[in-house]
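Have your viewer open and your selection tool ready. We will walk through the model stop by stop.

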Amino acid sequence: MTTPALVGDIGGTNARFALVEPGGFDLHSIETLPCARYAGLTEAIQDYLRQVGAPAPAESCLAFACPVHEDWVKMTNNDWAFSKQAVAETLGLSTFKVINDFTAQALGIPHVNADELVAIGEGEAEPRRPRLVMGPGTGLGMAGLVPSRHHWIPLSTEGGHATFAPTDARERELLDYFTARYGRVSLERLLCGQGLLDLYLAHAALFGVTAHYNTPAEVTGAARAGDSIAREALLRFLKILGDACGDAALTLGALGGVYLCGGIVPRLTDWLPRSDFRRAFADKGRLSAYNAGIPTWVVTAPWTGLLGAAEALHNEEVT
C-alpha cells in the first residue's frame, strides 16, 4: 500500500495540512492547526500525523507565506524557523519540497472545480496560454502560470510591490495622501487588508469627516450598512484592483485568464459586478479590446494552496 504524501499551506496564524496519494489531488484528512500552539514546524507536523492516525510520510510539499529560496526558512509573521534539510532528516522524508504560498495558489488553479470560480464580466480564456493569479490579503500576491509540454510552470513574482499609478483626480489626491505618510506608494500599500483600512482613513480625511472604523472588516461591514465613506473606499479599492490586474494581464499576456484569490476578494463577489473593477481592467487605451477579451474569475475554493502543493510535489518544473 502506498503511503500518502503530506501537503501543507502555512501562514502566520494557521497551518493547514492534508494527505494525498502520490500523484493525486484528492485531499483528505484536512486539518487546520494554530501555529502558536507549537514550538516549530516539526512539532506541528508530528501532532497532525498523530491526530489523523497517519503513518510517517515519505514525501511532502509545504507552502509558506515567506521567502523560501534558501535552506534556512524564517516565517515572517510567527516565530517558526527551520532548516529544510533538518526537517527532512527528522521526519525521514525522501522528497521534501518547500514553496512560496502564492506559488502554491497559482499551481492549484488548474485543479479548482469550475463551480468554485465566479466570473466577473465577459471574456473567454484561450487554452494553453499564460494565466495570472492575484490575491489581496495580508499583502498583494501576484504569480503567473505558464504551460509547458507536460506541466504548469509557476512564475513567482513580487509584482505587488510595483508602483501605484493613479488614473483620475481622486487617485492623484490619494497618491499625495499616501506619499506624505509613506514615501513611495506601491500597489500593495493599497491592495491589502491594511490598505483597505488606509483607503477608508484617506477618504475620511479628504472629505473632512471623522473616521469611525479601525479594521478592514469594520470598513466592509459599514459599507454594507450604507456608510457613504466606507462604501466609497471599498469601491475605490476594487477599482484600483481592476487597474492593477489589467496592467499585470498586459505584462504577462494572460490570455488564459485572471484568477483572484486570497482572503479578501472572495468575500466581495457581490460588490465586484457593481464596482468599476471590470471597466478599469479593460480600460487600457489602444489595448482595451485585448483586455476586454480576457476573463476574470474569483476563486472560492477553500484549499487552493493545498492543491498547489500537491501539484508541486511531482511537477518537474518545481524544484
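Start on the outward side of helix 4, where Asp-176 and Ala-180 are exposed (over 50% relative accessible area, with a 1.4 Å probe and protein chains only; buried means under 20%, and partly exposed lies in between). Helices here are DSSP runs of H or I with at least four residues, strands are runs of E with at least two, and both are numbered from the N terminus.

A word on the model: it is predicted, local features need pLDDT of at least 70, side-chain atom pairs count only at pLDDT 80 or more, and totals for chains, interfaces and linings use all residues. Residues are numbered from 1 along each chain as its sequence is written, and side-chain values use heavy atoms, leaving out hydrogens and water.

Now turn helix 4 around and select Glu-171, Leu-174, Tyr-177 and Phe-178, which are buried. Looking down the axis of helix 4, you will find its buried residues within an arc of 115°, so they line one face of the helix (the arc is taken from the directions from the helix axis to the C-beta atoms). Show helix 5 (187–190), helix 6 (193–207) and helix 8 (228–252) as well: the buried residues of helix 4 pack against them, contact being heavy atoms within 4.5 Å.

Next, visit the two ends of helix 4. At its start, a side-chain oxygen of Asp-168 comes within 3.3 Å of the backbone nitrogen of Arg-170. After the helix comes Gly-183, with a positive phi near 80°.

Move on to the open sheet, whose five strands run in the order 3-2-1-4-7 with mixed pairing; two strands pair if DSSP finds at least two bridges between them. At the edges, strand 3 (28–34) and strand 7 (95–100) each pair on one side only. Select strand 1 (residues 5–10) and strand 2 (residues 14–20) to see antiparallel pairing over six bridges. Within that pair, Leu-6 has Leu-19 of strand 2 as its bridge partner. Add helix 1 (residues 41–52), which packs on the sheet and touches strand 1, strand 2, strand 3 and strand 4 (59–64).

For the last stop, which loop holds Met-75? Look between strand 5 (72–74) and strand 6 (81–83). Met-75 counts as buried because its relative accessibility is 2%. Beyond its neighbours within four places in sequence, Met-75 is in contact with residues including Ile-10, Phe-64 and Trp-80. Finally, select Gly-11: Met-75 is 64 residues away in sequence and 8.2 Å away in space, C-alpha to C-alpha.

How values were computed
A polar contact is a pair of N or O atoms within 3.5 Å; within protein, one must be able to donate a hydrogen and the other to accept it, and residues adjacent in sequence count only if both atoms are side-chain atoms. Axes are lines fitted to C-alpha atoms, for helices over the stretch in contact, and angles run from 0 to 180 degrees between N-to-C directions.
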